[in-house]
Each structure stands twice: as structure tokens, then as C-alpha cells.
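Q: I have a structure in front of me and would like to learn how to read it. Could we go through it feature by feature, with the general idea and then the case at hand?

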Amino acid sequence: LILPRQNSDFRRLPAGATPVDLAISPNWQKLYIANRDQKKLTIRDLHTGTLLATVPLGDKPREITLWEP
């Protein structure tokens, strides 16, 4: 996954072998990546690229939907 940085530079973030969907939190702080073959959701800090969490999911996730009350 390649994301723009400030001043139009780009950086790479690991996204897993089979990323199938991405979502960005409404406050632009977190990046959520659904990985189909690894059956997991990866959460990264959008600004630093730091891995925040890995969440196991069911069989081959295909999409991400974020919801805030």
C-alpha cells in the first residue's frame, strides 16, 4: 500500500499478501485493512504506519464498514 505524505512524498505500508478492502477512520488517524487469505483485519496508524492491532476475522473477509454512533 502506498500513501502520500506531506510535501507530495510517498511511503509504503505493509498491507498483507491479499488486501481486499481499506477504510480510513473519520478522524484520519487509523487505516483498516481487510486481508482475505490471512483472515484478519490490520489496523495501522495512518500517519506513522505503526501497527496498532491485528484482529482475527471469519472466513475470507471481503469488505470493511466503519460505523460510529
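Q: Which residues does threonine 18 touch, not counting residues up to four places away in sequence?

A: Please keep in mind throughout that this is a predicted model. To read the surroundings of a residue, one lists its contacts and sets aside its neighbours along the chain. Threonine 18, not counting residues up to four places away in sequence, touches Ala34, Asn35, Arg36, Asp37 and Gln38. As for its own place, threonine 18 sits in the loop between strand S2 (10–12) and strand S3 (19–24).

Q: Is threonine 18 buried or exposed?

A: Here one compares the relative accessible area with a cut-off, and buried means under 20%. Threonine 18 has a relative accessibility of 15%, and therefore counts as buried.

Q: What does the side chain of threonine 18 reach at 2.9 Å?

A: For a polar side chain, one looks for partner atoms on backbones and on other side chains. The side chain of threonine 18 reaches the backbone nitrogen of aspartate 37 at 2.9 Å, and it also makes a polar contact with the side chain of glutamine 38, at 3.4 Å.

Q: How many helices and strands does the chain have?

A: With the single residue in hand, one can step back to the elements. The chain has zero helices and six strands, so that, read from the N terminus on, the order of its elements is β-β-β-β-β-β.

Q: In which sense do S3 and S4 pair, and over how many bridges?

A: To read a pairing, one asks for its sense, its bridges and the turn that links the strands. S3 and S4 pair in the antiparallel sense over five bridges, and in this pairing alanine 23 stands opposite tyrosine 32 in S4. The hairpin of S3 and S4 has five residues between the strands, and tryptophan 28 in this hairpin takes a positive phi near 60 degrees.

Q: What can be said in the same way of S5 and S6?

A: S5 and S6 pair in the antiparallel sense, over five bridges, and the bridge partner of threonine 42 in S6 is threonine 54. These two strands form a hairpin with five residues between them, where glycine 49 in the turn has a positive phi of about 85 degrees.

Q: Which residues make up the largest nonpolar core?

A: In soluble globular proteins, nonpolar side chains tend to be buried together. In this model the largest nonpolar core has six residues, namely Ala23, Tyr32, Ala34, Leu41, Ile43 and Ile64. Strand S4 (30–35) and strand S5 (40–45) each supply at least two residues of this core. Apart from this core lies another, of five residues, including Leu13, Ala15, Ile33 and Leu46.

Q: Which residues does tyrosine 32 touch, again not counting residues up to four places away in sequence?

A: Tyrosine 32 touches Asp21, Leu22, Ala23, Ser25, Leu41, Thr42, Ile43, Ile64 and Leu66 on that count. Tyrosine 32 is itself a member of the largest nonpolar core.

Q: Why does aspartate 45 count as buried?

A: The same cut-off serves again, since buried means under 20% relative accessible area. Aspartate 45 counts as buried because its relative accessibility is 19%. This aspartate lies in strand S5, and its side chain reaches the backbone nitrogen of threonine 48 at 2.8 Å. Not counting residues up to four places away in sequence, aspartate 45 touches Gln29, Thr50 and Leu52.

Q: How many salt bridges does a search of the whole structure find?

A: For a salt bridge, one names the two partners, gives the separation of their closest N and O atoms, and then asks how exposed each partner is. A search of the whole structure finds two salt bridges. One joins arginine 36 and aspartate 37, with the closest N and O atoms 3.1 Å apart; arginine 36 is partly exposed, at a relative accessible area of 32%, and aspartate 37 is partly exposed at 42%.

Lysine 39 forms a salt bridge with aspartate 59, the closest N and O atoms being 3.7 Å apart. Because lysine 39 lies in the loop between S4 and S5, and aspartate 59 in the segment after strand S6 (51–56), this pair ties together parts that are 20 residues apart in sequence. Lysine 39 is partly exposed, with a relative accessible area of 36%, whereas aspartate 59 is exposed, with 62%.

Key:
Residues numbered from 1 in each chain as written. Predicted model: local features only at pLDDT ≥ 70, side-chain atom pairs only at ≥ 80, totals over all residues. Heavy atoms only, no water. Core = buried A, V, L, I, M, F, W, Y, C linked by side-chain atoms within 4.5 Å. Buried < 20%, exposed > 50% of the residue type's maximum accessible area, 1.4 Å probe, protein only. Helix = DSSP H or I, 4+ residues; strand = E, 2+ residues; numbered from the N terminus. Contact = heavy atoms within 4.5 Å. Polar contact = N/O pair within 3.5 Å; in protein donor to acceptor, adjacent residues only side chain to side chain. Salt bridge = Lys/Arg side-chain N within 4 Å of Asp/Glu carboxyl O. Pairing = 2+ DSSP bridges.
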